[in-house]
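Dear colleague,

Please find below the structure that I am handing over to you. The rest of this message sets out what was found in it.

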Amino acid sequence: MSGRRLIGLIIGLSAVLTVGSALADSSSFVGRWHWNRSQSSPPPGEPVPNDVIAEISRADSMHVRWSLAVIAAQGQNSVETFDAVANGEFYPINSDTTAAFRLYGNLLQSTFKGPSGQTDTLTCTLSADQMKMTCRGALSDGDGRTTNYVDIYDRM
């Protein structure tokens with residue numbers, strides 16, 4: 001899985017946490033979320049993971065904390081843990097990527113910036129029953145080419 005695609009999955013997960021903080025008691029968003037492969041539309045040409053599971057341990061107005069387990073198409077497993085500030089300012093999430101999260105009513109816009117000018121912008125909403133999250137994203141390569149995608153997550 002490419003770094004940009006992993007970032008897209010991470011953003012979607014961040015959206016679950018941050019939107020949850022704004023719409024309901026954040027404790028209702030703590031738990032496990034599963035990426036819905038059949039309902040999602042990954043960016044063309046990007047590797048599609050076999051599975052993604054998120055374990056959310058904190059979701060409040062200032063921080064989101066979660067672990068993301070990804071099983072790549074080649075069978076490789078990776079688990080990463082994240083702790084992100086959710087105040088709309090850009091902060092580093094690793095040595096070469098920054099991220100910012102902004103909440104607009106019941107929408108969350110997240111933007112990740114990479115080292116070569118590439119961005120991943122995502123807008124997420126929760127279903128009325130708060131059991132499904134839809135994230136519509138746009139990957140930009142820094143040279144003006146943009147690819148759109150949709151990630152769907154279900155509560156486990």
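Two strands are said to pair if DSSP finds at least two bridges between them. This term is used for the strands described below, and please bear in mind throughout that the model is predicted.

Overall composition

The protein has 1 helix and 10 strands. Read from the N terminus, the order of elements is α-β-β-β-β-β-β-β-β-β-β. The protein has 156 residues, and 42% of them are buried. Of the contacts between residues at least 6 apart in sequence, 44% join residues that are at least 24 apart. The exposed surface comes to about 7400 Å², and carbon and sulfur atoms supply 50% of that area.

The nonpolar core

In soluble globular proteins, nonpolar side chains tend to be buried together. Here, the largest nonpolar core has 21 residues, and those with the most contacts inside it are Trp66, Leu68, Met133, Cys135 and Tyr153. Many strands take part: β1 (31-35), β2 (51-59), β3 (63-71), β4 (77-85), β6 (98-104), β8 (119-126), β9 (132-140) and β10 (146-155) each give two or more residues to this core.

Strands β8 and β9

How are the side chains of β8 divided between a covered and an uncovered face? The covered face consists of Asp120, Leu122, Cys124 and Leu126, while Thr119, Thr121, Thr123 and Thr125 make up the uncovered face. This can be read against a general rule: in a regular strand the side chains alternate between the two faces of the sheet.

β8 pairs with β9 in the antiparallel sense, over 8 bridges. Two residues of the covered face of β8, Asp120 and Leu126, can be followed across to β9. Asp120 stands opposite Leu139, and the bridge partner of Leu126 is Met133. Met133 has already been named among the residues with the most contacts inside the core.

The two strands form a hairpin with 5 residues between them. Gln130 is found in the loop between β8 and β9. Gln130 is not a glycine, yet its phi is positive, at about 60 degrees. Is Gln130 exposed, partly exposed or buried? Gln130 counts as partly exposed because its relative accessible area is 21%, and buried would mean under 20%.

Strands β9 and β10

β9 also runs antiparallel to β10, and 9 bridges join the two. In this pairing, Cys135 has Asp151 of β10 as its bridge partner. Cys135, too, is one of the residues with the most contacts inside the core.

β9 and β10 form a hairpin as well, with 5 residues between them, and Gly142 in its turn has a positive phi of about 90 degrees. Asp141 lies in the loop between these strands. A polar atom of the Asp141 side chain is 2.7 Å from the backbone nitrogen of Asp143. The side chain of Asp141 also makes a polar contact of 2.6 Å with the side chain of Arg145.

Salt bridges

Side chains of opposite charge can pair when their charged atoms come close. How many salt bridges does a search of the whole structure find? The search finds 3.

One of them joins the side chains of Lys132 and Asp154, with 2.7 Å from N to O. This pair links distant parts of the chain, with Lys132 in strand β9 and Asp154 in strand β10, 22 residues apart. Lys132 counts as partly exposed because its relative accessibility is 26%. Asp154 is buried, since its relative accessible area is 19%.

Arg145 takes part in a salt bridge with Asp141, the closest N and O atoms being 2.6 Å apart. Arg145 also forms a salt bridge with Asp143, and there the closest N and O atoms are 3.7 Å apart. Asp141, Asp143 and Arg145 are thus linked in a network of salt bridges. Is Arg145 buried or exposed? Arg145 counts as exposed, at 54% relative accessibility. Asp143 is likewise exposed, with a relative accessible area of 61%.

With kind regards

Definitions and conventions. Residues are numbered from 1 along each chain as its sequence is written. This is a predicted model: local features need pLDDT of at least 70, side-chain atom pairs count only at pLDDT 80 or more; totals for chains, interfaces and linings use all residues. Side-chain values use heavy atoms; hydrogens and water are left out. Helices (H or I, at least four residues) and strands (E, at least two) are DSSP runs, numbered from the N terminus. Buried means under 20% relative accessible area, exposed over 50%, partly exposed in between (1.4 Å probe, protein chains only). Contact means heavy atoms within 4.5 Å. Accessible areas come from the Shrake-Rupley method with a 1.4 Å probe; for residues, only the protein chains shown count as cover. A nonpolar core is a set of buried Ala, Val, Leu, Ile, Met, Phe, Trp, Tyr and Cys residues joined through side-chain atoms within 4.5 Å. A polar contact is a pair of N or O atoms within 3.5 Å; within protein, one must be able to donate a hydrogen and the other to accept it, and residues adjacent in sequence count only if both atoms are side-chain atoms. A salt bridge is a side-chain nitrogen of Lys or Arg within 4 Å of a carboxyl oxygen of Asp or Glu.
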